[in-house]
Amino acid sequence: MEKLLKMIVENPDTHARWLNTLSMMENAGAKKIKNCEHPVFVNEIILKHSAEEARHAYYLKKQIQKIKKNSCPTYEKRYLLAPDFSYYYLHSLDVKVCRYLKTKYGYKNDKLKYAAYLLVTYAIEVRADELYPIYQEILSEFDSPVNVKSIIAEEENHLEEMVHQLKEFSPDWKKISKDVCTIENELFNKWQMELQKELSFIFNPI
């Protein structure tokens, strides 16, 4: 991923589209959390997470103007990197995790929604905890005006909160979360491949 990020950051157009892609995915995460809320039993942490994910989406969108003004005004495919897979990344993870929880543990209805929220969010936070620091190192290396330090701090806190909630949710949380992270890792590897294909086409058109 480090090699891909260096290719992305050194070109203003791809960097703008990368930031827009991250913004879109953070926004999708915020909407996914809202959709998982119980109509009545909504706790403070869920509200905090959805609000912060939405803020990340906005923050990343604003960062685009530092490298390419008036660029990527919407989440249309032409303004994203690997748009098809990026659009469905989180949805695919949610579907696969729900299927896993139904089949292996028999979860359904509100319990399934809550379990999926916890586990999908946990897997995404583990990924963010790995991806954003690598991205920030490259931004610093290239002396980019963009920075994601505030997001890194909040994602680290999110991960701690998700672990705490998972411990309360199930005594088998470690095994379950490990399985879910395996599912997420497969999707992440496919996403990297799609990014590689697109970057290869951009920089080495036939």
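**Exercise 1. Work out which residues of helix α6 are buried, and how far the helix reaches.**

Step 1: Pick out the buried residues, where buried means under 20% relative accessible area, exposed over 50%, and partly exposed in between (1.4 Å probe, protein chains only). In α6 these are Ile151, Ile152, Glu154, Glu155, His158, Leu159, Glu161, Met162, Gln165 and Leu166.

Step 2: Before going on, note that this is a predicted model, so local features need pLDDT of at least 70 and side-chain atom pairs count only at pLDDT 80 or more, while totals for chains, interfaces and linings use all residues. Residues are numbered from 1 along each chain as its sequence is written, and side-chain values use heavy atoms, with hydrogens and water left out.

Step 3: Check the span. Helices are DSSP runs (H or I, at least four residues), as are strands (E, at least two), numbered from the N terminus. The expected span of a helix is 1.5 Å times one less than its number of residues. Helix α6 covers residues 149-169, 21 residues in total, and its first and last C-alpha atoms lie 30 Å apart, close to the expected 30 Å.

**Exercise 2. Do the same for α3: what is its span, and which residues are buried?**

Step 1: α3 has 20 residues and reaches 28 Å from first C-alpha to last, close to the 28 Å expected.

Step 2: Its buried residues are Ile46, His49, Ser50, Glu52, Glu53, His56, Ala57, Tyr59, Leu60 and Gln63.

**Exercise 3. Follow the loop between α3 and α4 and describe cysteine 72 and asparagine 70.**

Step 1: Cysteine 72 sits in this loop. Its relative accessibility is 4%, so it counts as buried.

Step 2: Asparagine 70 is in the loop between α3 and α4 too, but it is exposed, with a relative accessible area of 72%.

Step 3: Look at the backbone of asparagine 70: phi is near 60°, a positive value in a residue other than glycine.

**Exercise 4. Find what aspartate 13 and aspartate 94 pair with.**

Step 1: Recall the background: side chains of opposite charge can pair when their charged atoms come close. Here a salt bridge is a side-chain nitrogen of Lys or Arg within 4 Å of a carboxyl oxygen of Asp or Glu, and the structure holds 15 of them.

Step 2: Aspartate 13 bridges to lysine 68, with the closest N and O atoms 3.1 Å apart. Aspartate 13 lies in helix α2 (residues 12-36) and lysine 68 in the loop between α3 and α4, so the pair ties together parts 55 residues apart in sequence. Both count as partly exposed, aspartate 13 at 29% relative accessibility and lysine 68 at 32%.

Step 3: Aspartate 94 bridges to lysine 32, at 3.3 Å between the closest N and O atoms. This pair links distant parts of the chain, helix α4 and helix α2, 62 residues apart. Aspartate 94 counts as buried at 12%, and so does lysine 32 at 19%.

**Exercise 5. Characterise the salt bridge of arginine 78.**

Step 1: The side chain of arginine 78 meets that of glutamate 76 at 3.4 Å, N to O.

Step 2: Arginine 78 is exposed, with a relative accessible area of 57%, whereas glutamate 76 is partly exposed at 37%.

Step 3: Elsewhere, salt bridges that share partners join Asp13, Arg17, Lys68 and Glu198 into one network.
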